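Student: I'm new to this one and would like to understand its charged pairs. Could we go through them together?

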Amino acid sequence: MSQPKTAEEQRNATVIRELYASAEAAAKDTAKFVSLFAVGGYFYDVAADKKYYGGELGYTVDVYAEAFPDMHRELYSMYFNEEVVVVELSLNGTHKGNLPMPSGFIPPTNHEIHAPCCDVFHLQDGKVVSFHCYVAVPILLSQLGVFENLSAAIRS
């Protein structure tokens, strides 16, 4: 992992690590996750083409912790450029709960996921202004065993 060089980059690295730690299923703290965002800040789930603001910011934390009760993130690389932090990581867990999809949900498959992901953060004054999450959904769905027959796997 690259190391933060400036005081601002070090502060931003700490904020991002706190954000990830609060989203881990074993230590989930949705209120803490939300508190790390600036007023008006947002989380953009790129795969779902959905932005979350205010009280909705913790929605995906709760959804993934319910669908994957052992959800954890493995951080591979962090890149810093003053107020921008880019993180390469994987989402890891066992699918034991319903996973909401735009047209319904995928019931538990008991399969493990190790889905590649790239997150891009913009921070200001130690708070997240924007968080764009790019999950490799085709790989995630393949790991769940539903990609080949997606319409049959989703229930409403």
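Student: How many salt bridges are there?

Tutor: Welcome! This is a predicted model, and the count comes to 3 salt bridges.

Student: What makes Lys28 and Asp62 a salt bridge?

Tutor: The cut-off is 4 Å between a side-chain nitrogen of Lys or Arg and a carboxyl oxygen of Asp or Glu. Lys28 and Asp62 come to 2.8 Å, N to O, so the pair is within 4 Å and qualifies. Lys28 sits in the loop between H1 and H2, while Asp62 is in helix H3 (residues 59-67), 34 residues apart.

Student: Why is Glu24 called buried?

Tutor: Buried means under 20% relative accessible area. Glu24 has 16%, so the word fits. Its salt-bridge partner is Arg73, with the closest N and O atoms 3.1 Å apart. Arg73 has a relative accessible area of 17%, so Arg73 is buried by that cut-off as well.

Student: Which parts of the chain does the pair of Glu24 and Arg73 tie together?

Tutor: Glu24 lies in the loop between H1 and H2 and Arg73 in strand E3 (residues 72-81), so the pair joins parts 49 residues apart in sequence.

Student: How do you know that Lys32 forms a salt bridge with Glu18?

Tutor: Their closest N and O atoms are 3.5 Å apart; that is within 4 Å, so the pair counts. Lys32 belongs to helix H2 (residues 30-35) and Glu18 to helix H1 (residues 7-23).

Student: And why is Lys32 called partly exposed?

Tutor: Partly exposed lies between under 20% and over 50%. Lys32 has 33%, so that is the right term. Glu18, at 31%, is also partly exposed.

Note on methods
Residues are numbered from 1 along each chain as its sequence is written. This is a predicted model: local features need pLDDT of at least 70, side-chain atom pairs count only at pLDDT 80 or more; totals for chains, interfaces and linings use all residues. Side-chain values use heavy atoms; hydrogens and water are left out. Helices (H or I, at least four residues) and strands (E, at least two) are DSSP runs, numbered from the N terminus. Buried means under 20% relative accessible area, exposed over 50%, partly exposed in between (1.4 Å probe, protein chains only).
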